[in-house]
Amino acid sequence: MSRFQSMVQLLETIVFFSQLPTLTALPLAVRKILLTRTCGSLMEILPHEATEFHPCSNCPSLFQSQEELGQYAFPAMVCDTQPWHPFIEEGDYIFAEVALQAGLSASHINGLLMLISCISQGKVKVTLWNEFSCHNVVAPYKGEDFTFPVYTWLLWEWVLDLLSNPLLALHFIWDAQRLFKYDGSKYERFYLEPWTGDHWWNIQSHLPDVENAVPFALILYANQTHLSSHATVKGYPVVAWCGNLPINIQNGEHYGGGCVVGWLPIHEAFHFILDKLAKLSKIGYKYECYDKITQWLFPLILILSADYEELCMMCLIQGSKGKCPCPVCLVPIEALSQLSKMFLMCTMQQAKEALATYQEKKSTGESILKSLGLQPVANVFWKVENLEPEEAVSLDDLHIMHASLFGYHSLKELKIILNKLPHQYAAQLKELLATFPTWWGLVHFTGILHISFSDGNKLRDLSRVRIIFLSSWPLPLLVQLLRMLHSYLELDSLIGLSVHTDRTLELIEKEQVTFENELKEYISHVSSGKLSEHLKTNWNFPKVHLWQHAVQDIQKKGVVCNYSTWPNEKMHSLLKDAYQDCSNRKDVASQVLHVDHHCLAMKLIRTRIDTEADRAQEDYDDSGNDCEDNEDILTSFDGHVKLGSLRPPKSIQMISSDHTSQQEFQGFHQKFTQFIKQCIPVYLDHDWNSWKDISFAETFKLWEHGYLKVNYKSRVDWQQVMDYLRCNPSFHGKPHYDNLLFQLLQNEITFTHLVFMFLCNIPGYGKYDFTLVHPYTANTSATRKSFDNNFRITHVKAHPHMASMFIPIWSIVRGVLLYPDPKHKDKYLVVEHIDGDMFHCINEWNQCHLSHE
């Protein structure tokens with residue numbers, strides 16, 4: 001097809017599309033034909049992302065590029081000249097913030113203010129108050145009635161604070177959306193925020209028929225925490241989150257994130273939090289938004305996020321001892337480990353009917369409730385419209401997967417097996433763990449056999465530290481447990497992706513079947529082995545089942561980070577600090593909540609001040625001022641790569657002399673000159689003839705760098721991510737040389753090892769950044785293929801050290817974590833589970849290389 005014909009076809013298609021009122025007005029079959037149409041260059045110009053809005057929003061479908069996804073045009077915000085309000089002066093706010101962060105007591109604060117007053121010959125007044133109210137709730141506990149003090153903050157008052165905040169006003173999303181990604185042949189749906197799931201869409205479809213009726217979605221989190229270091233004092237925070245705000249704001253640490261709205265250890269106490277919300281969920285709340293459009297808000301609880309014990313309390317089921325211990329479905333207790341089998345869903349109507357039968361005739365109703373695993377109590381969440389507790393319950397990856405399935409069960413099994421081996425194996429394990437390379441954001445472990453971890457985040461990191469090399473030890477039971485753990489890791493990485501498509505959801509379902517089969521095989525090994533008395537043979541417990549609902553949770557409520565308890569757990573440290581620093585260990589709840597409320601006020605004011613400071617900085621930058629000299633190496637930057645940790649310049653001769661013992665530096669001078677002559681004209685698009693006679697004297701100087709920041713676009717959610725890479729002979733007293741992926745060809749990336757990063761100033765051409773690297777190859781010996789297939793491990797093999805090469809810094813794609821294979825010299829295991837992008841990248845890389853074998 002000629003270029004002219006392509007242009008004609010393109011224009012005809014544009015005219016055809018322009019005559020349609022909206023794409024969503026067409027029948028589904030026609031839409032599919034249009035969206036999958038491929039005609040020459042048309043495929044190349046189709047927008048990469050498509051958003052279908054809920055019909056009630058009256059918004060036409062939106063087609064955008066990946067970079068434009070989620071970006072909308074809003075009017076500029078009004079400048080805030082007093083962001084520290086309600087403090088009279090900024091100094092008043094700064095004093096209050098410092099006093100709060102230092103954990104000063106009331107007497108310390110008063111004394112400090114008196115001192116300041118004497119110095120300044122003035123008076124300073126700091127006034128804060130506590131908005132929490134206390135209710136006494138009588139409830140049965142172990143056969144007796146107890147009175148529980150319940151602290152609550154009006155949930156709707158917090159909602160109104162969010163709505164009236166001009167810094168958040170631009171970010172609220174009201175209407176359900178269906179997002180589609182163009183994969184080159186068709187549009188594939190993907191899931192991200194809560195409003196991209198089916199549950200939001202269905203709720204909005206059933207709201208009262210009033211103009212601009214939209215859901216105001218709330219997320220409730222509840223979990224017990226230990227305030228004292230000896231776990232003798234417990235806290236019971238209830239945290240609320242706004243589901244209408246984007247994930248980065250929800251899970252962030254600034255104002256707009258989670259807020260403690262209650263402190264209550266029993267189900268009945270939720271009545272005080274939900275009372276007004278329940279009324280408004282029926283009649284709605286009229287509110288004029290920042291864009292002057294009036295929305296009719298219908299509040300609801302979209303997501304319940306909690307550990308299993310708290311979910312049982314929210315759904316009023318009998319828990320792990322009931323006949324149906326799952327809060328979502330009616331799986332019998334003896335079938336909890338059967339992940340490939342689906343069971344009927346629990347429903348609110350079912351629970352109401354069973355309770356009504358119990359109230360009419362206790363004996364009949366009791367047997368029904370028992371068969372359903374329910375408590376004979378009316379659920380307070382039934383008062384809220386568009387809320388079924390069973391549907392709001394969501395997967396808690398931190399407690400269910402990392403802390404329990406891996407930490408409490410699988411890791412415990414691994415320790416028992418390893419402790420039964422001869423002592424030399426324990427010494428080998430300790431050595432192998434100690435030599436595991438460090439990685440930014442990953443906890444480094446020196447041992448596991450005699451250490452207990454209660455932190456789910458550390459357990460998550462421990463699960464990602466590949467100890468698959470233990471499979472070479474002479475114990476089939478250990479090998480089978482490691483096979484099961486690898487399937488767990490695959491599921492953990494898949495479920496934790498920050499964007500999901502229909503394809504990734506299919507992969508989750510397939511891997512769940514694999515995990516079930518590996519678990520059955522492990523149980524068989526245990527039952528027929530010598531350790532059956534010490535190891536678990538019954539894996540029918542609730543937390544091995546709950547992740548079966550991951551796919552339906554993602555389809556209904558978006559990705560797992562929307563309802564993970566990980567952001568909520570971070571708030572526990574602030575409550576613990578309040579207990580340790582600002583309480584007298586009496587009336588703990590009141591004092592801790594008082595401090596937490598002050599922290600919330602400070603967070604609001606700090607956000608306003610920071611926003612105004614950022615605005616002033618942007619205005620300053622736009623005025624043409626250059627502030628490069630003051631740039632901190634830890635700050636963000638706009639480019640792809642940036643070198644840091646600059647060393648004094650050295651000549652080529654001196655560099656070669658300093659590294660004579662390293663084979664990678666053999667022929668350094670000649671390699672560098674040849675690299676510049678042959679490769680740089682291609683890289684820099686310069687005339688080849690102008691470079692052929694270039695040479696460098698031995699006195700030519702290079703500026704070594706020990707630190708590199710790399711910005712790259714994630715393959716999962718297309719957001720920019722930053723890697724921090726080291727090439728340092730003494731980082732915290734140890735050599736630290738990271739590995740990386742770099743762009744070898746246009747469609748091929750390869751592994752390599754950093755050796756020497758530097759900047760050079762080529763006379764007549766300018767400054768350029770290069771690095772000397774030790775390349776790796778994907779080719780491994782045939783004897784290792786069965787090992788790879790059994791454990792699905794990616795191996796790479798190092799080229800000879802003398803085969804080092806130079807590459808431009810900008811060809812680096814991202815960092816990669818490799819572990820030296822303890823049984824095979826110059827071979828490495830790829831640790832692909834460090835993040836979603838690495839997991840996705842290695843899967844693509846493996847598929848590419850398998851297709852060429």
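Me: A residue is called buried under 20% relative accessible area, exposed over 50%, and partly exposed in between. Why does aspartate 610 count as partly exposed?

Reply: In this predicted model, the relative accessibility of aspartate 610 is 27%, and because that value falls in between 20% and 50%, the residue counts as partly exposed. Arginine 606 also has 27% relative accessibility, so arginine 606 counts as partly exposed as well.

Me: What makes the contact of arginine 606 and aspartate 610 a salt bridge?

Reply: The name asks for a side-chain nitrogen of Lys or Arg within 4 Å of a carboxyl oxygen of Asp or Glu, and the N to O distance here is 3.2 Å, so the pair qualifies. Both residues belong to helix α23 (residues 588-622), where they are four residues apart, about one turn of the helix.

Me: Why is the contact of glutamate 844 and arginine 715 called a salt bridge?

Reply: Their side chains meet at 4.0 Å, N to O, and because the cut-off is within 4 Å, this pair is counted too. The pair links distant parts of the chain, with glutamate 844 in helix α28 (residues 836-851) and arginine 715 in the loop between β17 (701-713) and β18 (720-731), 129 residues apart. Through salt bridges that share partners, Arg715 and Glu844 are joined with Asp723, Arg814, Asp835 and Asp837 into one network. The search of the whole structure finds 17 salt bridges.

Me: How do you know that cysteine 326 and cysteine 329 are not bonded?

Reply: A disulfide needs two cysteine sulfur atoms within 2.5 Å, whereas the sulfur of cysteine 326 is 3.8 Å from the closest cysteine sulfur, that of cysteine 329, and is therefore too far away for a bond. The search of the whole structure finds zero disulfides.

Me: Why is cysteine 326 called buried?

Reply: The relative accessibility of cysteine 326 is 1%, which is under the 20% cut-off, so the residue counts as buried. Cysteine 259, at 3%, counts as buried by that rule.

Me: How do you know that the length of helix α18 agrees with its number of residues?

Reply: Helix α18 (residues 476-495) has 20 residues, so that at 1.5 Å a residue the helix should span 28 Å, and its end C-alpha atoms are 29 Å apart, which agrees. Helix α18 is also mostly covered, since 17 of its 20 residues are buried.

Note on methods. Residues numbered from 1 in each chain as written. Predicted model: local features only at pLDDT ≥ 70, side-chain atom pairs only at ≥ 80, totals over all residues. Heavy atoms only, no water. Helix = DSSP H or I, 4+ residues; strand = E, 2+ residues; numbered from the N terminus. Expected span 1.5 Å × (residues − 1). Buried < 20%, exposed > 50% of the residue type's maximum accessible area, 1.4 Å probe, protein only.
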